[in-house]
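Please take a moment to look over the sequence and the model that follow. The paragraphs after them lead from the chain as a whole to a few of its parts.

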Amino acid sequence: MVSSFIYIILVNYKELLQNEEVKAFLTKGNANLGILGYTDHSEKHCAIVAKRAGMILEKFGYSKHEIELAELAGAMHDIGNVINRKNHGEYGAILAYSILEKLKVPLEDRVLIMSAIGNHDESTGGAVDPISAALILADKTDVRRNRVRNKEKASFDKHDRVNYAVTNATVKVSPQKHLITLNLQIDEEICTMYEYFEIFLGRMMMCRKAAELLGARFKLTANGSKGRFVLPDSTVVWLNSNSLLEYPETFSSSAREVSLSGEAYFEVRRNEKLPFRVQAGEMKVEVLGTEFNVQAYSGDEVVKTTLN
C-alpha cells in the first residue's frame, strides 16, 4: 500500500496579515519607506499581491496547496522593509521563516515561501519555481494611482508621476492562450511612455521570465496598445506622441533599418545575422536583439538612448 502525505496549512493569507508580528513589520516598514519617498507598501498592497498570486496559479491549474503557498508569500513579501529597503527580500525571507515556524507551518512549505520572498526583488532575484513566479507577477503588476503618497503634483518625482499617471490597471490571465496581460491606462500628460519604461523596464523583464517559468508569455498593453507597432521582423515598437517612425514593408537581406523622429521604445527581435539599426537625427543605434528607448525630437540638442 502506498501512503500519501497531505499537508495542511493552519493559516490562510488573510489571517496571516492579522498576525501581530506581520502587522507590526509591515506597518513600520511602510512608514520607513514613506519617509524615504517610496510609494505605498502597506498591508493593502500585500493583500492585493497575495490574492493575485493565488489567482495566477489557480488559472494555470496548480494545486490548492501551491496556491496557498503563493498567497502566504504574497502576504509577507514586504516585511523585510522594516530592516532596510536594500535587500528587503532577503531580510523578509528570514523574518518570514521565523513567523511560519511559530505557526507550525511544515518545513517544506516554509522553505518554499522563504525562497519566493527572497527572490521577488528585481535587483537581486528572479523566478525559481511556480510560487516565486506567481509572487513576482502579482507584485510587479500592482500599479495604482493611490499607491502615491505625495499629493502635491508640483513636487512629484518621476516615480510618483509614473504611478499617478496610471488611471486604470487590470491583469488578465488566459490559460488557453498561455498569456498574462497587464493592461494599463496612462495619462500621457502626467507621464510619458519613456518615463514609464525607464522606471518599469527591469520589472517587466522580470515578469516576462516569471511568466515563462509558468509556461506562459507576459504582455504589456498601454492605452489599448495605442502607439504600439509590430515591424516586419516581429520587433515591437512603442511610439510616443508627436513622433514619426519610418520603416519598409520588408527589411533588406543585410540589415533591419528604421528612421525615428521623436521618441520610441523598441523590443527588438533577436537576429544575430541581421542587425537592427535606428537612425535618429545624427545618431545611429545598432543592436542584434535587446530592448531600448530612443528620444530624438526635432530641435533637441541631445539625443538620448536608454539600453537595457
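**From the whole chain to its packed helices and sheet**

The chain contains 9 helices and 11 strands, and the reader should keep in mind that the model is a predicted one. Along its principal axes, the C-alpha trace of the chain spans about 65 × 55 × 30 Å. A compact globule of 308 residues would have a radius of gyration near 19 Å, and because the chain has 21 Å, its value agrees with that expectation.

We turn next to the helices. Two packed helices are described by the angle between their axes and the distance between the axes. Helix H4, which covers residues 64-76, and helix H6, which covers residues 107-118, have axes that come within 9 Å and cross at roughly 50°. An angle of that size is neither under 35 degrees nor in the range from 65 to 115, and therefore H4 is oblique to H6. The crossing in which H4 passes H6 is right-handed. On the H4 side the contact is made by His65, Leu69, Leu72, Ala73 and Met76, while H6 contributes Asp109, Leu112, Ile113, Ala116 and Ile117. Sorted by character, the residues of this contact between H4 and H6 comprise 8 nonpolar, 1 polar and 1 charged.

Helix H6 also packs against helix H5, residues 88-102, with the two axes 8 Å apart and at an angle of about 160°. Because angles over 145 degrees count as roughly antiparallel, H5 is described as roughly antiparallel to H6. The crossing of H5 and H6 is right-handed. In this contact Gly89, Glu90, Gly92, Ala93, Ala96, Tyr97, Leu100 and Glu101 of H5 meet Leu107, Arg110, Ile113, Met114, Ile117 and Gly118 of H6, and the residues involved divide into 8 nonpolar, 3 polar and 3 charged. Ile113 and Ile117 of H6 are thus listed in the contact with H4 and in the contact with H5.

The strands offer another view of the chain. An open sheet is formed by 3 strands in the order E1-E2-E3, and its pairing is mixed. Strand E1 (166-174) and strand E3 (217-222) stand at the edges, and since each has a single partner strand, one side of each is left without a neighbour in the sheet. From one strand to the next, the twist averages 15°. Strand E2, residues 179-186, pairs with E3 in the parallel sense over 6 bridges, and Asn183 stands opposite Thr221 in E3.

Note on methods:
Residues are numbered from 1 along each chain as its sequence is written. This is a predicted model: local features need pLDDT of at least 70, side-chain atom pairs count only at pLDDT 80 or more; totals for chains, interfaces and linings use all residues. Side-chain values use heavy atoms; hydrogens and water are left out. Axes are lines fitted to C-alpha atoms, for helices over the stretch in contact, and angles run from 0 to 180 degrees between N-to-C directions. Helices (H or I, at least four residues) and strands (E, at least two) are DSSP runs, numbered from the N terminus. A crossing is left-handed if the near helix is turned anticlockwise from the far one by less than a right angle, and right-handed if clockwise. Contact means heavy atoms within 4.5 Å. Ala, Val, Leu, Ile, Met, Phe, Trp, Tyr, Cys and Pro count as nonpolar, Asp, Glu, Lys and Arg as charged, and the others, Gly among them, as polar. Two strands pair if DSSP finds at least two bridges between them. The radius of gyration is taken over C-alpha atoms; the globule rule is 2.2 Å times the number of residues to the power 0.38.
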